[in-house]
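Work through the exercises below with the structure open beside you. Try each task before reading its solution.

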Amino acid sequence: MFRRLADGDMTADEFAAVEERLLADSGFRERYVRAMGIEAGLHEALRFPGTFQLPKPRRLSSVRVFVFGSVCSMLLLGLAVWAYWAFVPGRSGVIYHASASPGAKPVAIVTRAEAASDDVRPGMRIKPGVLLVGEGQLQLEFMNGAQINLEGPAELHILSVEAAKLISGKAAVRIPPGARGFILNTPDAAVVDLGTEFAVSVEKNGESEIHVVDGEVDVSLLGSDGNTLTNQRVTQTGAYRLSGWPLSFKRIDSPSVPLPGIQAQDSSPLRVRDSYVQSVLASQPDIYWRFEQLVDGQVPNEVGERWAGKIHTVAEDSSAIIIRDGVAWFTPSDHPHRLEADEPIQGFNRDSFTIELWVSPDSFHWATLAAVVPIEAPHLHLSLFELPYKCGLVYTPGSFRFLHRHPPGKHGGTNVFTNGDCTPGQWHHLVAVKTPAGIKLYLNGELIRDIVAAAASDDSLYRLYVGQLHIEGTDRQLSGAIDEYAVYLRELSSEEIRGHYRAMILEQNTAQ
């Protein structure tokens, strides 16, 4: 039976029966592991025809060997999945098996999926493990900002937040400046990013090609001990074909097969229905920016003549903030820009306040969604609503953050975070509440954290703005979209917040 499986003579129905027995019979699993271990060794040795001198043992390149070095449960399931995908042609969809290592945490998130399954879909958190893509493309964003777009059929091993291994298939990789040093391994090489976008293909025989789209990478051919034998700096002007045995690093004019690229995030506007708008208006906000239009170049306040939204950009970069399709779109630039209430608010922190908004970030990056600063000291902050990224705080990557500090300053204060729930390219409903008794943070209608800690009040003038950390400079600029921005000079209740979110979701589901 194992021989027929390895030779590809087993049908899908027969394999299903084998897989069922693997899951139910521990003795059968042990025999299977031994048999497939022998097959792995023979496969590796016989990759090199024309010589009777077998090469020195090298790191094996299939999922079989990856799982041998991992947890036993992952070994068994990974081997079964590998065999099915390797020998049953035309398989579509996506299969994912996470490592069973205790304490393993998510290191990436699915952001796009042409061939999603019940188990793998946009928004899903990915721990170290094995991903197999049949047909179509599957795009991941790692928690450090690195992006990988797999084109099936492909097999990818997720190793950590900073490394993955492409066993077979094609992949595009884009690395933002903050994630430089990300490593993509292939069976015979390691590609170390230096800040770039590149694409890689790995053939069934383990040989691979690499093409740098922008920037440069260091490519290392690896020896049997996993260390570099030789390396090459590859720029966007070159493509190379890599072979680990016999050692080969050959420049080519262009890749021999079309390679994928990184797909842009979904930029669909938020579909806002009347019931949501009416539920917000019923809560009597003091500021409500809907971004449906500009009046005299400003975003009107739907509930009053004061506190319209003023767009601050420079002439050289006027597209950094665009109001389009009822949404405010933000793009990072080399110049300061922000959306700001056109006049300060007296007594904003007199008692309680609530900030409510919908946001769709383009990627994981350190971005200020909303800020509250004293009028006389705009370099200090009373409150910050942010998407943190690689900051010096302890939190779950991919979380949203609400910070409140009094008196306003540059350091300290009280933080609340969500639980790593941000999905780039998707809309999130966020609500931050400050009361004299503490602060609260809601995500998608649910209370995430309620911190009871005295939060002092005052009657000072405060300025509100959106899109970057400071009035000047370019720190923590948002890349993404914001809609339905509302401010209440009181505490919004849990029932009201839940009602707002449900009004939006019920309308969305009805529309679909």
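Helices and strands are DSSP runs, numbered from the N terminus; a helix has at least four residues and a strand at least two. The model used here is predicted.

**Exercise 1. Take stock of the chain.**
State how many helices and strands the protein chain has, and what share of its residues is buried.

*Solution.*
Step 1. Start with the elements. The protein chain has seven helices and 32 strands.
Step 2. Turn to burial. The cut-off for buried is under 20% relative accessible area. Of the 512 residues, 52% count as buried.
Step 3. Add the surface. The accessible surface of the chain is about 22200 Å², and carbon and sulfur atoms hold 50% of that.
Step 4. Look at the contacts with a separation of 6 or more. Residues 24 or more positions apart account for 59% of them.

**Exercise 2. Check the confidence.**
Find the average pLDDT of the protein chain, then say which stretch has a pLDDT below 50.

*Solution.*
Step 1. The average pLDDT is 85, and 87% of the residues score at least 70.
Step 2. Residues 47-89 are the stretch with pLDDT below 50. In the model this stretch has 100 contacts beyond near neighbours in sequence.
Step 3. Apply the caution. Where pLDDT is low, predicted coordinates should not be read in detail.

**Exercise 3. Place Ser 208.**
Decide whether Ser 208 is buried or exposed, and list the residues that it touches.

*Solution.*
Step 1. Locate Ser 208. It sits in strand S11, which covers residues 208-214.
Step 2. Read its accessibility. Ser 208 has a relative accessible area of 2%, so it is buried.
Step 3. Leave out residues up to four places away in sequence. Ser 208 then touches Thr 186, Ser 201, Val 202, Tyr 240, Arg 241 and Leu 242.
Step 4. Follow one of these partners, Tyr 240. The C-alpha atoms of Tyr 240 and Asp 253 are 8.2 Å apart, with their positions 13 residues apart in sequence.
Step 5. Place Asp 253. It lies in the loop between strand S15 (247-252) and H6. Its relative accessible area is 84%, so Asp 253 is exposed.

**Exercise 4. Look for disulfides.**
Say how many disulfides a search of the whole structure finds, then classify Cys 391 and Cys 422 by burial.

*Solution.*
Step 1. Recall the bond. A disulfide is a covalent bond between the sulfur atoms of two cysteines.
Step 2. Count. The search of the whole structure finds zero disulfides.
Step 3. Classify Cys 391. Its relative accessible area is 13%, so Cys 391 is buried.
Step 4. Classify Cys 422. Its relative accessibility is 0%, so Cys 422 counts as buried.

**Exercise 5. Describe the second largest pocket.**
Give the volume of the second largest pocket, and name the element that gives the most to its lining.

*Solution.*
Step 1. The volume of the second largest pocket is about 480 Å³.
Step 2. Its lining has 25 residues. Nearest the centre lie Asp 266, Gly 425, Gln 426, Trp 427 and His 428.
Step 3. Sort the lining by element. Strand S2 (108-113) and helix H7 (494-511) are the elements that give two or more residues.
Step 4. Pick the main contributor. H7 gives the most, with four residues.

**Exercise 6. Find the backbone features.**
Locate the cis peptide bonds before Pro 153 and Pro 407, then the positive phi angles of Gln 284 and Asn 444.

*Solution.*
Step 1. The bond from Gly 152 to Pro 153 is cis, with omega near 0 degrees. Pro 153 lies in strand S6, residues 147-160.
Step 2. His 406 and Pro 407 are joined by a cis peptide bond with omega about 5 degrees. Pro 407 belongs to strand S26, residues 401-409.
Step 3. Gln 284 is not a glycine, yet its phi is positive, about 55 degrees. It is in the loop between helix H6 (274-282) and strand S16 (287-289). At 64% relative accessibility, Gln 284 counts as exposed.
Step 4. Asn 444, also not a glycine, has a positive phi of about 50 degrees. Its loop runs between strand S29 (438-443) and strand S30 (446-452). At 24% relative accessibility, Asn 444 counts as partly exposed.

Conventions. Residues numbered from 1 in each chain as written. Predicted model: local features only at pLDDT ≥ 70, side-chain atom pairs only at ≥ 80, totals over all residues. Heavy atoms only, no water. Buried < 20%, exposed > 50% of the residue type's maximum accessible area, 1.4 Å probe, protein only. Contact = heavy atoms within 4.5 Å. Areas by Shrake-Rupley, 256 points an atom, 1.4 Å probe, with all protein chains shown as cover. pLDDT = per-residue confidence, 0-100. Disulfide = S-S within 2.5 Å. 1 Å grid on protein atoms, 1.4 Å probe; cavity = no way out; pocket = protein on both sides within 12 Å on 5 of 7 lines; lining within 4 Å. Points joined across faces, edges and corners; volume = space filled by probe spheres on them.
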